[in-house]
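Reader: Please take one part of this model and go through it closely. I would like to know what surrounds it, and then how the rest of the chain is held together.

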Protein chains: 2
Amino acid sequence: MRKKRIPDTMTVAVLNSYSGADALSIEQRPIPTPAKNEVLVKVAFSPINPSDLATLTGYYGLKNPTPIVPGGEGSGEVVSAGPGAMARYFLGKRVACTGWGKGGGVWSEYVVKSVKGGVLPLNKSLSLEQGAMSTINPLTASAFIAITKKGGHQSILLTAAASSLGKMVNRLGRNEGIQIVNVVRRDGQVDLLKAQGSNIVLNSNEAGFEQQLHDICHQTNTRIAFDAVAGPLTNQLLKAMPPNSKVIVFSALSRQAVQASPDLLIFENKMVDSFWLGPWLSKQNLVKIMLLWKRAQKQIPSQLKSEIRKIYPIQEVKEAIRDYTSQMTGGKILLRMS
Amino acid sequence: MRKKRIPDTMTVAVLNSYSGADALSIEQRPIPTPAKNEVLVKVAFSPINPSDLATLTGYYGLKNPTPIVPGGEGSGEVVSAGPGAMARYFLGKRVACTGWGKGGGVWSEYVVKSVKGGVLPLNKSLSLEQGAMSTINPLTASAFIAITKKGGHQSILLTAAASSLGKMVNRLGRNEGIQIVNVVRRDGQVDLLKAQGSNIVLNSNEAGFEQQLHDICHQTNTRIAFDAVAGPLTNQLLKAMPPNSKVIVFSALSRQAVQASPDLLIFENKMVDSFWLGPWLSKQNLVKIMLLWKRAQKQIPSQLKSEIRKIYPIQEVKEAIRDYTSQMTGGKILLRMS
């Protein structure tokens, strides 16, 4: 059993209160030991996702008492295993790991994770950089397509469509013959998506947006929307779509309350629903999740690829967050753990 | 075949534009003749419902070009029948009639209605006054209980709970062993509902309302709300209920957009849905509707009774609406058609 030399302490990013990036500090902590059915992962890379920003301010749904270690997903190598056949199976393997459940977030040089959902084996063909971004966005985009197909829809209305996730949904949609009606907030994002092959892209800040969106949603019979923005935009989506439509809110980049006109809800049978990856996955059976994971892995070099804008060492996490926040649609920012 | 003497013209309330009660006028019009499968009803009484107020300002979901005749439901006697066995069956019978579909609203001395859903036979034991209010509120209250039971719920959160409909839901709930958590806007309404036997009644304008509502919804595991108010109150309901709850918006007395915090939707799996009686009925099979109707008729003298505050002749419809609007929870205002 080969075993990498493991030092005594590790570098960790710690959030000391739910008050944003300024509450982060870099600390040295003892390296934990994996218990039964757990492995120790030497973390390579972790992206900054919108859900990480939500975690920093206490907006995210999982909220343990501070201090906590943030970081929703990452990649690395399993360098030590606790008792159990599954744990031993992972030893030496390259994995994607999630920041949920025992062991906490992955903005840490090492992290202990359960073999039951905390780590997933990475395809040999994937770099650790792409592997670090292989769970949250790829599985979310795959879930959106699954929900869309299950509902018998042939088109999707999508907001914040120029995000990494948005681009994935566009590429998957093209692959599956599903039309994406894209909504973005700047002309530059319109150009970017069109350059990548998306034919319907609207700027919500442009005059005539509501009428254009209405016409397109009716022409394409678009009755399902995935909304990352919330606030008044949600009501614009509800208003634009034909009767019997649904907006699925999955993020709240505007940090505003969803608005929904009662007359649209009552008289046009429109609905506001929501999506959160963890609970959605937990409602699928294990076989379906493994298929989803295998398929997503295959698609990561193509449809589910994330562009990388810059890589920062974990010590510069605050600077990395500032950079990401200033330009969220120009490619991902990765943290390098050592 | 006995046939009442039918004059040539009738008195009708006409809405000339969707600009409120001031746009109403009283006119004389020729009395229409029933075609095949239609009957002519000599209307006795019609209530003023919140949905009528919504119709007057163009807020309601059914919006034909003006001029229109308002009036969502009423009672009367069938005085003439067009060809067809069903139409002849109704001749001479006392009926409840709806303001939907062909023939339009019932604020009219006579109205032609289809025998397919436009008229329903009234129990002999019911007065024409109670019969005039036997469709919209009784069937809505019955639908709420049906939806609640189908969802396996044992309690309901209800807003505008001191309304005629609210009182019906309370009485039906007691009858069925379903706890009602009532929300009203004034202390007088708290007293009124408590005097009628409701044990949980909260005033949303009182200090500490949100915390009280939270505690009660958690103690009673209340996860379904029927909301007639919308606006910020909807979010207070979402916030107070345990995870996996649903607010069903069925009216918008506040005339404000529904507010819903994205974190409640996404991280607590809460949902905003809606209810409209017509489409709900049309999704049920005919046997179920007839059972619902028969049962509602039996319960109108007890659980589904509406209190009457005052009766106005149709000529005074504007005054009647002013009176109703000034005090919507003190019993119904009826219009007498002749």
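Author: What follows starts with one helix and one residue in it, then moves outward to salt bridges, domains and the chain interface. Bear in mind that this is a predicted model.

Start with helix α12 of chain A. The helix covers residues 317-326, and Asp323(A) is found in it. Which residues of α12(A) are buried? They are Val317(A), Ala320(A), Ile321(A), Asp323(A) and Tyr324(A). Seen down the helix axis, these buried residues fall within an arc of 160°, so they line one face of α12(A). The other side of α12(A) has exposed residues, Arg322(A) and Ser326(A).

What does the buried face pack against? The buried residues of α12(A) pack against four elements of chain A. Two are β2 (24-30) and α1 (50-56). The others are β15 (308-313) and β16 (332-336).

Now look at Asp323(A) itself. Is Asp323(A) buried or exposed? Its relative accessible area is 15%, and the cut-off for buried is under 20%, so Asp323(A) counts as buried. Leave aside the neighbours within four places in sequence. Asp323(A) is then in contact with Arg309(A), Lys310(A), Tyr312(A) and Ile333(A).

Two of these partners deserve a closer look. The side chain of Asp323(A) makes a polar contact with the side chain of Tyr312(A), at 2.5 Å. Asp323(A) also forms a salt bridge with Arg309(A). The closest N and O atoms of that pair are 2.9 Å apart. Asp323(A) lies in helix α12 and Arg309(A) in strand β15, so the pair ties together parts of chain A that are 14 residues apart in sequence. Arg309(A) is partly exposed, at 26% relative accessibility.

Next, the other salt bridges. How many does a search of the whole structure find? The total is 22 salt bridges over all chains. One of them joins Lys102(A) to Glu38(A), with the closest N and O atoms 2.6 Å apart. Lys102(A) lies in the loop between β5 (94-98) and β6 (110-114), and Glu38(A) lies in strand β3 (residues 38-47), so this pair ties together parts of chain A that are 64 residues apart in sequence. The two ends differ in exposure. Lys102(A) is exposed, with a relative accessible area of 56%. Glu38(A) is buried, with a relative accessible area of 6%.

Another salt bridge links two helices. Glu210(A) pairs with Lys239(A), and their closest N and O atoms are 3.3 Å apart. Glu210(A) sits in helix α7 (residues 209-219) and Lys239(A) in helix α8 (residues 232-240), so the pair ties together parts of chain A that are 29 residues apart in sequence. Glu210(A) is partly exposed, with a relative accessible area of 35%. Lys239(A) is partly exposed too, at 46%. There is also a network of salt bridges that links Lys149(A), Glu176(A) and Arg295(A).

Step back to the domains. Chain A is divided into domain 1 (9-133 + 306-336) and domain 2 (136-278). Their C-alpha centres lie 29 Å apart. The contact takes 18 residues from domain 1 of chain A and 18 residues from domain 2 of chain A. Between them the two domains bury about 1400 Å², 52% of it on carbon and sulfur atoms. What polar links run between them? The count is two salt bridges. There are also two residue pairs in polar contact. On the side of domain 1 of chain A that touches domain 2 of chain A, α1(A) gives the most, with four residues. That is the α1 against which buried residues of α12(A) pack.

Last, the interface between chains. The contact takes 27 residues from chain A and 27 residues from chain B. The area buried between these chains is about 2200 Å², and carbon and sulfur atoms give 65% of it. Pro262(A), Ile266(A) and Phe267(A) supply 28% of the area that chain A buries against chain B, more than any other three residues. Zero salt bridges are counted between chain A and chain B. Five residue pairs are in polar contact across the interface. Which elements of chain A give two or more residues to this side? They are β13 (258-260), α9 (262-267) and β14 (271-274). The largest share, five residues, comes from α9(A).

Key: Residues are numbered from 1 along each chain as its sequence is written. Chains are lettered from A and ligands numbered from 1 in the order in which they are written. This is a predicted model: local features need pLDDT of at least 70, side-chain atom pairs count only at pLDDT 80 or more; totals for chains, interfaces and linings use all residues. Side-chain values use heavy atoms; hydrogens and water are left out. Buried means under 20% relative accessible area, exposed over 50%, partly exposed in between (1.4 Å probe, protein chains only). A polar contact is a pair of N or O atoms within 3.5 Å; within protein, one must be able to donate a hydrogen and the other to accept it, and residues adjacent in sequence count only if both atoms are side-chain atoms. Contact means heavy atoms within 4.5 Å. The arc is that of the directions from the helix axis to the C-beta atoms. Domain bounds come from an automatic or database domain assignment. Buried area is the accessible area (1.4 Å probe) that two parts lose on being put together, summed over both. A salt bridge is a side-chain nitrogen of Lys or Arg within 4 Å of a carboxyl oxygen of Asp or Glu.
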